[in-house]
Structure formats: structure tokens, C-alpha cells
Amino acid sequence: MITRETIDKVFETARVEEVIGDFVQLKRAGSNYKGLSPFSDERSPSFMVSPVKQIWKDFSSGKGGSVVTFLMEHEHFTYPEAIRFLANKYNIEIEETEVSQEDKIEANEKESLYLVSEFAKTYFQDTLLNSEEGKAIGLSYFKERGFTNETIAKFGLGYSPETWDAFTKEALSKGYQLDYLEKVGLTILREDGKHFDRFKGRVMFPIQSLSGRNLGFGGRILTNDKKAAKYLNSPESDIYHKSKVLYGIFHAKQAIAKQNNCYLVEGYTDVIQMHQAGIENVVASSGTALTPDQIRLINRLTKNITVLFDGDAAGLRASIRGIDLILEEGMNVRVCTFPDGDDPDSFARKNSYEDLVLYLENNAKDFIQFKASLLMNEANNDPIKKADLIRDMVVSISKIPDRIKREIYIQECARIMDISEQVLLNTLAQLVQKDISDAGKKLKQEQKPFEIVKSETQIAQDKINIVYELERKIIEMLLLYGSQEAEFDDFILKANEEGEMIEEKETNISKVHQRIFLSLQEDEVELANPLFKEIYNDLIAYYNQNEDFNIEHYLMQLSVEHSQIVTDILMSEEKELLHNWETKHIYVKTKNQNVSQYVSETIVSLREYLINKLIMDLMSSYNKEAESDLDEIMSTINDYNKLKVNLTNKIGRIRSTYL
């Protein structure tokens, strides 16, 4: 178990903007940072990071929390994994208490798969560099490709021996379970109970996640065996989903964000050779067709993709299919092809860094120019083929979500194709309308007619919406100002010298959390929202045990559900104020208000609303047939009305006091 001292040191050292900046492209927005949500598909940034508060909030998905919560949500780390990741990033030594056998047994299966995969990576690396077979076959191959020792180490390249079960035997001897070796796809188990290595006799390319965790492998065979696939990837598993992974993303992420562009290539060696040449903002789809999930992974880091393909027909066709998917995600796409006979690997090997950069800058074409030149060659002045080509171009343009970009591309297309812009616009309008119609039909089929279903929580929230907002404000005050001292004015009825009862103002100094607690206790008010009530009790307990409030320390002890609510409240000031709450007696603190007024108005407003609700409940229970109850009910209503008037007057006095 990781000691509390280590966890505290991690929270004190880790910077949320630095950690999240490795996964999401962040741009300065005042005192905060913003970026595209890594949890949902969006085109306008709704992901906010606060360096001052050391928290983040994703307004599109509702997720939020501390730097540790982000890693747990984004990388699916367990809490200890997230702490270890941060400790490693900031060079913090991890102190641990002795782990019991029970704790080891309870380690989850996914973590076991990660451990097996990491062991395999180390084994293949060691075999490549230190075994005679590995050096003679695997290392020789990589050296022939021109890879340096530094590059081989950087990408963790390895070699799996030709022996049928060399890796499996070694893994079993080290205590790794056969079940996990099979689940991660490293070992194949036959029906007769025998097992063998999936990647035997192949050079190995580890495939890493955005955070650097080893997910799976790609293996290339070096013999001329026509029955065996040239490249073999790990099968799908709980930790490896090839449609959601890009080869090289871990090593490329910082360069992609810095350069604001991502080069997309086809294979492992293309990525590695480009990196070695000095172009590090490059990833590969690992030989599979490009998927929306892979594009969204890039979209978190940049809006710009340059697709690099060799000059053969198959490569060009593949680039065209991928372009439409990229456009649908609202990204900017360019295409660069290499001279006949060259691919990114060979071209990078033959050219200096300066020449490579110059070539990419001069030969990267906008997608419409590239697609037009490619298809025009195929049309070969055939009018029918040219008409099909023009429609094909407009189909691609229709995928672009931004209307302004669509119109600009239509103008460019009309110029290149020498065709009326109006004809293209009409065709585009038909395609867009068809997409809308198809989407509407699909939505209609998926929905049940005339049926609106609300959860019990939604129904309850509809009924007590104002109470919900006021209680939320109470939690906000405790989070933002709970440990502050403030002057609170109380109005006390006292007898003067003539014996008349007059109202006198008394000023009391107390901490905000104490004032809130005593006020609610005095009025016998309990928060109605169960989650707010739990957080309220947690906060009061925290203040009673700690002299100062530390948001990072406080977030450490919260559940994910509570953490998201707390973060949402803390980041609420970053959202545009959409509601005029004051018309509903919900008072939002402004710059010219002090904490005392904010606290006092909110608590009195909550009390006033609850009194009003009691009056309404009594009036609805008024039963003309039960004459004996009338006087008692009316008397109670009158008492509540007097109290309500007093509370309304109190709000007025509070306001006038702080003017």
C-alpha cells in the first residue's frame, strides 16, 4: 500500500494543467485553460482546467475532479495506478507499507493483463539485445532499416524467438498465469491443452496508449513463409482495442500539440523512421482502416491532420476513404504523397531533416486539390466520369460540419472543375438535406411516440428546482469561503428605556462554515438533495477537523460521484450565466457583494422558500368539510405568513446594510 505521506506529496507536487496538457491540447483562457473534451465528441471546447484551484471540469460529459480523478477517468487507472503514474512523472519516491497476500489476490484482472503485457515487452527487448538469435536476426533487421540503438530503445523494439513456446515458458516460470497470457493474446491455447507463442519468430513493435501503458504488439515475420501473415497484431482484449489506438501516439503527443499538426502514416516503420529523422508529430493507424475513434484521439491534440501515403494506387485510395472520416470530425486535412517507389520510411531515410521538412511543406495539398487532381486523372476527359467525380467531391464537402468552410470549398471546387458554383451548391444542398432527413428517420424509429419518460430524480428536481439551486449555493459557499472569517449583522429585538421593543443591530465575527451550520441548525433546516446533504456533512466534518481548507486534500477523500459534483460547483463561475436567478429569489454573488451578504441572503432565501412551501401545502390540505380544522389551519397559515414577511424584510435589511 502506498503511504499517506507519498500521496500527500504527489498532490502537492502534481500540476493539473501539466498532466492534462499531455493528453489534451489546452489553450489559455484568462486565468484558466480550455480544450476539447477527451470524453465526448465535440467541436467547441467545453473542457476547462483551473491552475489556481487545481481542478478540471468537462461541461459536455459532467465529469470533473482532481488530477488523479482525470487519470482514473481518462486512462482507466485505479487510484494507486494514478498515484504511481504521477509519482513517476514528478520523480517522487514511492514509500509503501507491506502488501498483504489478500491485497495481491484482489488485484483486478485488467491490471494483471497490463502486467503481463509489460513483462512481454521487457522479455522481447532483452531477447533482441542479449540473445544470439535476437542479435543475429532481429537486431540485424532493425539495423538494416537504419534504426539506431537510441531509436530501438525509445520504441521498445524486440524479438520473439523462433521456438514454439519460448516466451510462454519464460512467463510461466516467472509466475504469470497462463489464463492471462491467453487473454492478452500472447499465448495461443489449443484444444488438446498444448500452447504456443502467437508471435514466434517475429520482430516486435510494442503498442502503447496515450499515457504510455503497453496495450499489445505488432509482430513482423522475417522469413519468406507465404502461409504466414507478414504483420500480425495482438487480438482484441480488455486492454487492447485496435480501432481506438494509434501507433506512436505516446511519443508523438507533445510534438503534435506543439506543432498543431499530426502526420498520419500507414505502418510502424514509417513512424519510427520519421521520428529518427526529427519529425516526431507522426502516428500510424497500424495497417488498419482509419476509424472515427482514432481521429478523435488526434482531435484532442490538434485540429490539423496531414495524411502521408506512398504513391501507389492502393495507398491513394486508402487516403481518400480516410479523408471523409476526418472531415466529418470537423478537422482540417491535407494530403502529401511521395515520389513513385518511396514511402515515408524510405523517403525519411534518404533525406536530411531540412529536406524532409521542406518537402512536406511544399507538397502537402489541401484535400480538395489532392482529390481533384487524383480523380481528374482517372476521369481522363470522359464527361460521365467527370460528372461522377464532381459528385464525389461534393459528397466529401458535405461531410464538413462548418457551413463557411463548406462554401469556401465549393468555390475552390468550382474553380478547379470549371463548373458553375450554383450547380455545386444545389447538389450540396440536396446531399445535406438527405443526411438530415435520414438522421430524422433514424431518430424517429428509435423513439417511442408520445412518450416522455423522466426519472424519479428528474421529477423530484423539477418540483424543488429553486431549493436545489439554493442548496447548491450553500455547498459553493462552504467550498469557496468556508474557512474565511466575516462580519455578520444580526438584528435583535430589545426593550428600550421606555419599555418599547426595538430592533438593534449586533455585529458578530465568525467563520463562514460556522455561520452556515449554526443558521441551518437554528432554523432546523436540512438539505433536501441527498447528495448535497452528504457533501454538506462531509464539509462540516472537514472544517471541524482541519484549520484550513485545501481543495486538493479534500478531493482526495471524496468518491468519484461527489468529486464530480464538487468540481462542477467550483467551476460554475467559468460557465456563462444563463439564468436570471434573482427573479426567483436566488442571489448570485457579484464582485460588489461581500461574503457576509452572500451567505445571509442565501440562507434567508432558502428559509423563506421553505416557509412558502409549507403555506402552499397547508392551503392545499384545506378541507371545507372538516370545519373543526379550519381555525387551526388558518392560524398556522397566518403565523407562517408573518414569518415570511419578517424574512422578506430581513433580506431588505441585509441588502441595505451592505450598500
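Accessible area here is the Shrake-Rupley value with a 1.4 Å probe. On that basis I noted that the chain exposes about 34,700 Å², of which carbon and sulfur atoms supply 48%. The model is a predicted one.

**Whole chain**

I looked up the overall make-up and found 28 helices and 18 strands. The chain has 659 residues, and 46% of them are buried. I then turned to contacts with a sequence separation of 6 or more; residues 24 or more positions apart account for 66% of these.

**Serine 66**

I located serine 66 in the loop between strand E5 (64–65) and helix H3 (67–74). Its relative accessibility is 4%, so I entered serine 66 as buried, the cut-off being under 20%. The side chain of serine 66 makes a polar contact of 3.2 Å with the side chain of threonine 69. I also listed what serine 66 touches once neighbours within four places in sequence are set aside: Phe11, Gln54, Trp56, Leu555 and Ser563.

**H6 against H7**

I checked how H6 and helix H7 (residues 132–144) are set against each other. Their axes come within 6 Å and cross at roughly 95°. Angles of 65 to 115 degrees count as roughly perpendicular, and H6 and H7 therefore go down as roughly perpendicular to each other. On the H6 side I found Thr127, Leu128, Leu129 and Asn130; these meet Glu132, Gly134, Lys135, Gly138, Leu139 and Phe142 in H7. Sorted by class, this contact has four nonpolar, four polar and two charged residues.

**H9 and the loop after it**

In helix H9 (residues 166–173) I found Ala166, Phe167, Thr168 and Ala171 to be the buried residues. Their cover includes helix H6 (109–130) and helix H10 (178–183), along with strands E7 (187–189) and E8 (195–197). Just after H9 I came to glycine 175, which has a positive phi of about 95°.

I placed glutamine 177 in the loop between H9 and H10. Its relative accessible area is 47%, so glutamine 177 is partly exposed. I took one C-alpha to C-alpha distance from glutamine 177: leucine 113 is 64 residues away in sequence and 10.0 Å away in space.

**Phenylalanine 155**

I found phenylalanine 155 in the loop between H8 and strand E6 (158–160). Phenylalanine 155 is buried because its relative accessibility is 3%. From C-alpha to C-alpha, phenylalanine 155 and isoleucine 272 are 7.7 Å apart, although 117 residues separate them in sequence. With neighbours within four places left out, I listed the contacts of phenylalanine 155 as Pro206, Tyr247, His251, Val271, Ile272 and His275.

**H11**

One contact of phenylalanine 155, His251, led me on to helix H11. In H11 (residues 249–259) the buried residues are Ile249, His251, Ala252, Lys253, Ala255 and Ile256. I looked up what these residues pack against and found three helices and three strands by name: H8 (149–154), H12 (268–277) and H13 (292–299), with E9 (202–208), E12 (262–265) and E13 (282–284). After H11 I noted asparagine 260, with a positive phi near 55°.

Note on methods. Residues are numbered from 1 along each chain as its sequence is written. This is a predicted model: local features need pLDDT of at least 70, side-chain atom pairs count only at pLDDT 80 or more; totals for chains, interfaces and linings use all residues. Side-chain values use heavy atoms; hydrogens and water are left out. Buried means under 20% relative accessible area, exposed over 50%, partly exposed in between (1.4 Å probe, protein chains only). Helices (H or I, at least four residues) and strands (E, at least two) are DSSP runs, numbered from the N terminus. Contact means heavy atoms within 4.5 Å. Axes are lines fitted to C-alpha atoms, for helices over the stretch in contact, and angles run from 0 to 180 degrees between N-to-C directions. Angles under 35 degrees count as roughly parallel, over 145 as roughly antiparallel, 65 to 115 as roughly perpendicular and the rest as oblique. Ala, Val, Leu, Ile, Met, Phe, Trp, Tyr, Cys and Pro count as nonpolar, Asp, Glu, Lys and Arg as charged, and the others, Gly among them, as polar. A polar contact is a pair of N or O atoms within 3.5 Å; within protein, one must be able to donate a hydrogen and the other to accept it, and residues adjacent in sequence count only if both atoms are side-chain atoms.
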